[in-house]
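Hi there,

Here is the structure I promised to pass on. Please open it beside this email, and my notes follow below.

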Amino acid sequence: GGRGRIGPIEVIFPYIKKNLNLIVCDADPTLKNASLEQNFLEEYKPQVLPYCVSDNSGLNSFHIMRDPAASSLHEMDVTCADWVMPDGRKWREACESTRTIIVKTSTIDGMHKLGTIPPLDILSLDAQGAEFGILQEAKGMLRDSLLMVLMEVVFYPLYEHQELYQQCTNFLTNYSFTPVM
């Protein structure tokens with residue numbers, strides 16, 4: 001995830017660029033709405049898979065927000081609707097759902113079992129509040145192949161049913177990962 005760019009994994013691109021096999025999962029496989037920079041697409045040539053990564057495989061509701069970068073499997077948590085973002089807008093101005101569509105979802109382990117993706121070394125998650133659920137259904141990868149997880153975490157829920165930093169790090173430590181901020 002990470003509309004406009006690719007997300008948390010960009011932090012380590014300079015170090016792994018030569019050996020990078022990038023797989024991008026997106027509910028919009030054409031990336032028409034992703035606004036990924038053209039030079040990024042040309043330089044990294046990602047394999048784009050037509051899935052919205054989730055905690056389950058099937059068809060699920062996906063909420064298109066006023067700001068497409070905030071679109072999510074989860075609705076906005078209304079308790080933070082009046083928070084002011086760094087650009088001066090209120091959270092509700094970016095995250096109010098304008099419509100809901102049905103998307104095909106899949107889990108990390110499910111895609112691996114079907115042979116859609118190889119064992120992963122690095123998992124980068126920026127899934128607008130769905131990160132914890134995705135991790136819960138990536139237990140096989142966490143146990144067997146993942147060396148690093150880069151993810152967006154929050155200390156207060158921005159989306160309904162969003163797990164916080166502590167829940168995410170507690171879960172990852174069960175798989176011998178050490179949180180680094």
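Let me start with the charged pairs: the count of salt bridges comes to six. Please keep in mind throughout that this is a predicted model.

One of these salt bridges joins the side chains of Arg92 and Asp82, with N and O 2.6 Å apart. Arg92 sits in helix α3 (residues 91–95) and Asp82 in the loop between β4 and α3, so this pair ties together parts that are 10 residues apart in sequence. Neither partner is buried: Arg92 is partly exposed at 33% relative accessible area, and Asp82 is partly exposed as well, at 45%.

Another salt bridge is formed by the side chains of Asp87 and Arg89, at 2.8 Å from N to O. Here Asp87 has a relative accessible area of 48% and is partly exposed, while Arg89 is partly exposed with 26%. This pair does not stand alone, since Asp67, Asp87 and Arg89 are linked in a network of salt bridges.

Then there is Asp144 with Arg143, whose closest N and O atoms are 3.0 Å apart. Asp144 counts as exposed, with a relative accessible area of 57%, and Arg143 is exposed with a value of 57%. As background, side chains of opposite charge can pair when their charged atoms come close.

Now to the interior. Which residues have the most contacts inside the largest nonpolar core? They are Ile108, Leu135, Leu146 and Val149, in a core of 28 residues. At least two core residues come from each of these elements: strands β3 (52–53), β4 (58–65), β6 (122–125) and β7 (148–151), and helices α4 (108–113), α5 (131–136), α6 (139–144) and α7 (165–173). There is also a second, separate core of 12 residues, with Met76, Met85, Cys95 and Leu158 among them. In general, nonpolar side chains tend to be buried together in soluble globular proteins.

Leu146 is a good residue to centre your view on. Setting aside neighbours within four places in sequence, Leu146 is in contact with Leu120, Asp121, Ile122, Leu123, Met141 and Phe177.

Leu158, from the second core, also has a link to a distant part of the sequence. Its C-alpha atom is separated by 8.1 Å from that of Val78, although the two residues are 80 apart along the chain. Val78 is found in the loop between β4 and α3, and Val78 is exposed, with 62% relative accessibility.

A buried acidic residue deserves a look next. Glu131 lies in helix α5 and counts as buried because its relative accessibility is 3%, with the cut-off for buried being under 20%. A polar atom of the Glu131 side chain lies 3.3 Å from the backbone nitrogen of Gln128. Beyond neighbours within four places in sequence, Glu131 is in contact with Leu125, Asp126, Met151, Glu152 and Gln162.

Gln128 itself has a backbone feature to check. It is found in the loop between β6 and α5 and is buried, with a relative accessible area of 14%. Phi of Gln128 is near 45 degrees, which is positive in a residue other than glycine. His161 also has a positive phi without being glycine, with a value near 65 degrees. Is His161 buried or exposed? At 65% relative accessibility, His161 counts as exposed, and its place is in the loop between β7 and α7. For context, most residues other than glycine have a negative phi.

Last, a pocket. The second largest pocket has a volume of about 410 Å³. Its lining has 15 residues, and the closest to the pocket centre are Val149, Leu150, Thr178, Pro179 and Val180. The elements that give two or more residues to this lining are β7 and α7. You will recognise Val149 from the list of residues with the most contacts inside the largest core, and both β7 and α7 from the elements that each supply at least two residues of that core.

If you want a route through the model, try the Arg92 and Asp82 salt bridge, then Leu146 with its contacts, then Glu131 beside Gln128, and end at the second largest pocket.

Best wishes, and happy browsing!

Definitions and conventions. Residues numbered from 1 in each chain as written. Predicted model: local features only at pLDDT ≥ 70, side-chain atom pairs only at ≥ 80, totals over all residues. Heavy atoms only, no water. Core = buried A, V, L, I, M, F, W, Y, C linked by side-chain atoms within 4.5 Å. Buried < 20%, exposed > 50% of the residue type's maximum accessible area, 1.4 Å probe, protein only. Helix = DSSP H or I, 4+ residues; strand = E, 2+ residues; numbered from the N terminus. Contact = heavy atoms within 4.5 Å. Polar contact = N/O pair within 3.5 Å; in protein donor to acceptor, adjacent residues only side chain to side chain. Salt bridge = Lys/Arg side-chain N within 4 Å of Asp/Glu carboxyl O. 1 Å grid on protein atoms, 1.4 Å probe; cavity = no way out; pocket = protein on both sides within 12 Å on 5 of 7 lines; lining within 4 Å. Points joined across faces, edges and corners; volume = space filled by probe spheres on them.
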